Amino acid sequence: MSIDPYHESTWASFLNRGIVVLGGSDTDSRDSAFLQQQGDEEMQVPHQEFAEGPQSMEVISADAATAPESQPMEDPPTFKYRWTIDNLSRSNTKKLYSDIFYVGVYKWRVLIFPKGNNIDHLSLYLDVADSVNLPYGWSRFAHFSLAVVNQINGKYTIIKDAQHQFNARESDWGFTSFMSLSEFYDPSQGYLVNDTCVIEAEVTVRKVVDYWSYDSRKETGYVGLKNQGATCYMNSLLQTLYHIPYFRKAVYHMPTTENDMPSGSIPLALQSLYYKLQYSDNSVATKELTKSFGWDTYDSFMQHDVQELNRVLCEKLEDKMKGTVVEGTIQNLFEGHHMNYIECINVDYKSTRKESFYDLQLDVKGCRDVYASFDKYVAVERLEGDNKYQAENHGLQDAKKGVLFIDFPPVLQLQLKRFEYDFMRDTMVKINDRYEFPLQLDLDRDNGKYLSPDADRRIHNLYTLHSVLVHSGGVHGGHYYAFIRPSLSDQWFKFDDERVTKEEAKKALEEQYGGEEELPQPNPGFNNTPFKFTKYSNAYMLVYIRESDTEKIVCNVDEKDIAEHLRIRLKKEQEEKEHKKKEKADAHLYTILKVARNEDLVEQIGREIFFDLVNHDKVRSFRIQKQLPFHHFKEEVAKEFGIPVQFLRFWLWAKRQNHTYRPNRPLTPQEEAQSVSIVGQLREVSNKAHNAELKLFMEVELGLDLLPLALPSKTKEDILLFFKFYDPDKEDLRFAGRLFVKALGKPTEILSKLTEMAGFPPNEEIELYEEIKFEPKVMCEHIDMRLSFKSSQLEDGDIICYQKAIPITDRDQFRYPDIPSFLEYVRNRQVVHFRSLERPKENDFSLELSKHFSYDDVVERVAPLLRVDDPSKIRLTAHNCYSQQPKPQPIKFRGVDHLSDMLVHYNQTSDILYYEILDIPLSELQGLKTLKVAFHHATKEEVAIHSIRLPKNSTVSDVINNLKSKVELSRPDAELRLLEVFYHKIYKIFPPGEKIENINDQYWTLRAEEIPEEEKNLGSHGRLIHVYHFTRDHNQNQMQVQNFGDPFFFVIREAETLADIKIRIQKKLQIPDEKFLKWKFAFISLGRPEYLHDSDVVSNRFQRREIYGAWEQYLGLEHSDTSPKRAYPANQNRHAVDKPVKIYT
């Protein structure tokens, strides 16, 4: 997952704001830019433009009570909006707003950042259009989807789904990383056609109070599952399996023991989960189950394939059930069999093979319903001609090939192939076509046409629909939920992560068919062409139960089916939960006292901590009633540590202005003895922040025999000091002890005591330093032994560090010769793991560096390990903590001051840097502009990519001259030109004098080529036109033109017919006759083709129109695109990887 806050938001404030987590959502407000795509399902982050800090989910003032925002709604209003944006790529505007549209009485608009919201992704948000005019305390809850329409092929449309409670602080919400800019602007993708993009939004406004105060158990009798970040796909599957009672009962009967841990046992984790679903009043967490899978947090933020998870989980359970009383349950429920056969037509030969299945994958594309898919599944394929079957002993024979079902399982799982691989575009796509499924499925229809001759016809394969699993979104991400009929009654329930609701049958059936829906007419009286919206929420998995097996499968499951140790364990967990809940409710009656002792300081200083005295989270704590007299608490402590009460004295800690935390003063005997001196009152004295904790230091004096001594009296003249000892030889710091000193005394008076505490000879010369603070930087100052403690401004709780005095001549022998340098080192030391940019997942080596190191300091220490003589040739790239990948851009030469700046990624700190070795120093490289230029040879079929590196103030003419020295020309005097190619069209011929600094080769291709002689001598009868290759998908409604291949210029003459031009084009492109005969030629303007005949005079067509942009009026060559497809667009993140589902245990 990628989490990139744009302003100063912190992870804590992010968690405290009531974040909704949805599948496929990297949603956030426009100014947070918080979560780059890391998988497809991510967290949502609130708006940071207003006041910080947590905000109530619903704060409606009295004045706002009658505002539309707070009115109850019977049926939530829904509206679909379509926004067409022209001339987008040429716009210099950072952000664009759509027109305002209404959903019921609510005003909305869409916000887009065409160049990304400070990120290399297109950013897209839904915005409350009238937020500044709404009454104080307004809020509204909405479920919405945003889509970037693919105008070439609608099935590639990218859609993302979210829900959010909008308010004054978070008046816009959406997707900072909606899609990569490289994909959006990639000319082959179809999201920007003719410099136009289409955005679609569907918004449903819901009643706020209904969502946040809803009690699923009370309203439906069921509870939901919590989403870990991207686990809604898993939640829908787990709920479906849970509501198959026979399956649940089998899970309960799997043998587990009281010694098992849920996080290490899939059966126990699933038993625990199902028990809580059955008996808990609140939504249930799935972390123990995913831990039992062997998943880490990263897996929980990766959206996986549901069918794959279903199969892997069932295989694991099947394996765990072997040798137990429930062995065979998975097969008995889900396993069916079919027969693959090949039968020869002209000879008596038939080959059959029986195979089992746990689910069936049914085609959606080209099928209107489930029955059509089954027809296609068993359709007979003819093997004839070049595809004859090699029959044993009969040679090649005409044959028919097919599949028939031997038996169907009691629980039939149908996986609808909503996601398919598109070979033309070499990518996955979602099929949103309308696809119907019946409430009752008859697989014996038409005299059992789906059944093999061996099938048992006594079994009636009549099924009733149990559950519908839904995917809402596109191939790039989305949200999963399920409609289930647990008892197969007429009542459906929607299981949407934590929320369970009752739903009408129409919601579960017709509304999940998919397909298209027409927008309502804005002006019904006019003859407007209706806009059609693709419905991106549709069924992808169906579960049917055979009616004859209903009584066995929908059985009763109660506590007697649950192992006793499991009931005891889970009831104990519930009791502990209730106990914690009670503790929380009673927390105002108690306070926590944390008692630090000398032993804690000895144990922690120099090991766990170096600054201040103790980590209070690791000392003994006591939970005490606030009204308890202090002397009662003191007696409890005395008993705990085995020290008589009279030998104990307690000091209060105080946080100083310099952010250090030191013992401040002892409790007086009067305070300890007073019956009214209750702990709560003491806490108020000690802690102005009203934290329900009281931190104490327990002072005990021990004699040589380690027995407690009477405590010395403490006067105003006595100062309690703490001492740390530093050994520069070992680079070791430890706690030495504490002493009372007189305010007017001098350090010289305690030197003998300090040398004794350090184990030095009495006459050893030592140096003293005061540890003052360590934030934001270390302050440790030398103490003048000639001054009194009071003159040195020392007081109770101060820390003195000391060491052997080191002569100046010997200081070079030590890395850190004195305490200030050692503390500075400790404060700023950082172990950095270095990785090659080419192998971004592997640590190559690690170095301990200082956070204060400059860029030069870092590369100087890296260079020897890389065997690089010149450190300036090493370029570093920072790490993105959330995507776990290198940042897109390297660190600029001396662009940051210190190593600490290189490692900070918004509010997260990394310990990883990536390196690459350059051929020239980085300082020189940054003064240059590197352009990738594709050189097209005039006479050879080859394209060579050249990197041209020139000073930024160079011109296109310099690029051409540089390129001439690198390429082979058809003749010495050939002239070159540089073109900008976008969407397989030539958009620009660069003037020779244009500066290269502003030329962008990230989204546009730069092409260099020789200028043909005929173009130089056009004369009055010739003209230059654009010629592009194109194809059309005739299966699509709009039959849009899709360009491909290399565009080129071509000279045509007056009165020249298409027949004449075709001869010259065939010669230029060297196309064989048999292929060229299949080509069609068309005059294309603004994407609309007009096919030409051989007798047509082509120049007449081009003179007929005056339109913007020469590239939009061209001669089109229609033929199939046989060029190889790449797996990913060139500019997509090269580190992206799809993870398969794995359950490791």
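These exercises walk through a predicted model of one protein chain.

**Exercise 1. The whole chain**

Task: Find how many helices and strands the protein chain has, and what share of its residues is buried.

Solution:
- Start with the elements. The chain holds 30 helices and 57 strands.
- Next, take burial. Of the 1145 residues, 52% are buried.
- Then turn to the surface. The accessible surface is about 54,100 Å². Carbon and sulfur atoms supply 48% of that area.
- Finish with contacts. Take those with a separation of 6 or more: 68% of them join residues 24 or more positions apart.

**Exercise 2. The setting of D496**

Task: Place D496 in its element, decide whether D496 counts as buried or exposed, and list its contacts beyond its sequence neighbours.

Solution:
- Locate the residue. D496 belongs to strand β24, which covers residues 492-496.
- Check its accessibility. The relative value for D496 is 17%. Buried means under 20%, so D496 counts as buried.
- Look for partners. Set aside the neighbours within four places in sequence. D496 then contacts H479, Y480 and Y481.
- Examine H479. Its side chain and that of D496 share a polar contact of 2.7 Å.
- Now look further along the chain. K226 is 270 residues away from D496 in sequence, yet their C-alpha atoms are separated by 9.5 Å.

**Exercise 3. A covered helix**

Task: Work out which residues of helix α6 are buried, and what covers them.

Solution:
- Find the helix. α6 runs over residues 245-252.
- Count the buried residues. Six of the eight are buried, and the helix is mostly covered.
- Name them. They are P245, F247, R248, A250, V251 and Y252.
- Identify the cover. It includes α5 (232-242), α7 (266-279) and α10 (306-321). Also among the covering elements are α11 (329-334) and α15 (550-553).

**Exercise 4. One salt bridge, two settings**

Task: Describe the salt bridge between D617 and K594, and say whether each residue is buried or exposed.

Solution:
- Begin with the total. The whole structure contains 57 salt bridges.
- Take this pair. The closest N and O atoms of D617 and K594 are 3.0 Å apart.
- Place both ends. D617 sits in the loop between α17 (598-604) and β30 (620-625), and K594 in strand β29 (residues 590-596). The bridge therefore ties together parts 23 residues apart in sequence.
- Test D617. Exposed means over 50%, and D617 has 62% relative accessibility, so D617 counts as exposed.
- Test K594. Its relative accessible area is 10%, so K594 is buried.

**Exercise 5. A linked set of charges**

Task: Trace the salt bridges R662–D612 and E771–K724, then name the network that holds these residues.

Solution:
- Take R662 and D612. Their closest N and O atoms are 2.9 Å apart.
- Place them. R662 lies in strand β32 (residues 661-666) and D612 in the loop between α17 and β30, so the pair ties parts 50 residues apart in sequence.
- Check burial. R662 and D612 are both buried.
- Take E771 and K724. Here the closest N and O atoms are 2.8 Å apart.
- Place these too. E771 lies in strand β38 (residues 766-773) and K724 in strand β36 (residues 718-727), so this bridge ties parts 47 residues apart.
- Check burial again. Both E771 and K724 are buried.
- Assemble the network. Salt bridges link D612, R656, R662, K724, E771, E795 and D798.

Definitions and conventions
Residues numbered from 1 in each chain as written. Predicted model: local features only at pLDDT ≥ 70, side-chain atom pairs only at ≥ 80, totals over all residues. Heavy atoms only, no water. Helix = DSSP H or I, 4+ residues; strand = E, 2+ residues; numbered from the N terminus. Buried < 20%, exposed > 50% of the residue type's maximum accessible area, 1.4 Å probe, protein only. Contact = heavy atoms within 4.5 Å. Polar contact = N/O pair within 3.5 Å; in protein donor to acceptor, adjacent residues only side chain to side chain. Salt bridge = Lys/Arg side-chain N within 4 Å of Asp/Glu carboxyl O. Areas by Shrake-Rupley, 256 points an atom, 1.4 Å probe, with all protein chains shown as cover.
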